[in-house]
Structures are given as C-alpha cells and as structure tokens.
Amino acid sequence: PILLSQYNFQDNTPHLVMRNVVLEECNEFLENSAAILKKYTKGYGLWAYRNYRQSEIFNGSFMLGLEGWASQVIGEGTVGVDEEGFMNLSSLSMDSIVKIEQGVKQ
C-alpha cells in the first residue's frame, strides 16, 4: 500500500512554500482522489477538516513522543515517533491493524 505522510491540498503554514489546490476546486479534487485512495491505501487519518489559528491538540507535533496519545497494534506492526517527530505506523501483514488516537492530556 501507499503511505502519504500528509495529504495537504490546502495549507497556510507560515514559511511553508506549497502549491495549493485552488479553493473552488477542492471538492472535485477530493472526490476524484477517493477511488485512488481506496484502491491503493489501507485507510486514512483526518487531522483537521477546516483551518484553525492554533492547535488545541496536546503534543500534536509528537515532539514529546507518544505522550498524550493512545496507540493500538492488532497483529504484526509497530507505532513510534522518530527523532525528528515523524509518526511511523507500520502494518506488517494484510491482516494487521495499527491505529493511533488522541488520548487524554497528561
């Protein structure tokens, strides 16, 4: 399966140079993406469905590792955060499930 670290089609992060999908074309872009994502991936994670000024998510950058997050591995797989703060989810078989969700702030 394909793993997309971030499927950013719109982003207003300061100092980030990115070519955005034209706002009026976002719905069509996402609708056309659905069949491809369904065919070539095992799922998705929704981070935010609208803009926000600052994040209310505790440890949303994973700079504190998995603190404040709950993870679950069913079957063979791993969950971890590397030294640069990137979340790594690995499902090692087609029957495995790996998931992470926001826990309670510690």
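Helices, of at least four residues, and strands, of at least two, are DSSP runs that are numbered from the N terminus. On this basis, the elements of the chain run α-β-β-β-β from the N terminus on, which amounts to one helix and four strands. The model described here is a predicted one. The chain has 106 residues, of which 13% count as buried.

**The segment before the helix**

Glu25 is located in the segment that precedes α1, the helix spanning 26–40. Its relative accessibility is 44%, so Glu25 counts as partly exposed, a class that lies between the limits of 20% and 50%. Together with Glu24, Glu28 and Glu31, Glu25 forms a negative surface patch.

**Positions in the loops**

Three further residues lie in loops of the chain. Met63 belongs to the loop that links α1 with β1, the strand at 69–74. Phe86 sits in the loop between β2 (77–81) and β3. Ser96 is placed in the loop that runs from β3 (87–91) to β4 (97–102).

The table lists the relative accessible area of each residue discussed, with its class.

| Residue | Relative accessible area | Class |
|---|---|---|
| Glu25 | 44% | partly exposed |
| Met63 | 58% | exposed |
| Phe86 | 44% | partly exposed |
| Ser96 | 4% | buried |

Met63 has a relative accessible area of 58%, and because the exposed class begins over 50%, Met63 is exposed. Ser96, by contrast, has a value of 4%; this is under 20%, and Ser96 is therefore buried.

**Contacts of Ser96**

Which residues does the side chain of Ser96 reach? One partner is Glu76, whose backbone oxygen lies at 2.8 Å from the side chain of Ser96. Another is Ser93, since a polar contact of 2.7 Å joins the side chains of Ser93 and Ser96.

**Pairs separated in sequence**

Two pairs of residues relate positions that are apart along the chain. Met63 and Val81 are separated by 18 residues in sequence, and the distance between their C-alpha atoms is 8.4 Å. For Phe62 and Phe86, the separation in sequence is 24 residues, and the C-alpha to C-alpha distance is 7.2 Å. Of these residues, Met63 is exposed, whereas Phe86 is partly exposed.

Note on methods. Residues are numbered from 1 along each chain as its sequence is written. This is a predicted model: local features need pLDDT of at least 70, side-chain atom pairs count only at pLDDT 80 or more; totals for chains, interfaces and linings use all residues. Side-chain values use heavy atoms; hydrogens and water are left out. Patches are made of residues with over 30% relative accessible area and no salt bridge: like charges are joined within 9 Å, nonpolar side chains (Val, Leu, Ile, Met, Phe, Trp, Tyr) within 5 Å. Accessible areas come from the Shrake-Rupley method with a 1.4 Å probe; for residues, only the protein chains shown count as cover. A salt bridge is a side-chain nitrogen of Lys or Arg within 4 Å of a carboxyl oxygen of Asp or Glu. Lys and Arg count as positive and Asp and Glu as negative; His and the chain ends are not counted. The place of a charge is taken as NZ of Lys, CZ of Arg, CG of Asp or CD of Glu. Buried means under 20% relative accessible area, exposed over 50%, partly exposed in between (1.4 Å probe, protein chains only). A polar contact is a pair of N or O atoms within 3.5 Å; within protein, one must be able to donate a hydrogen and the other to accept it, and residues adjacent in sequence count only if both atoms are side-chain atoms.
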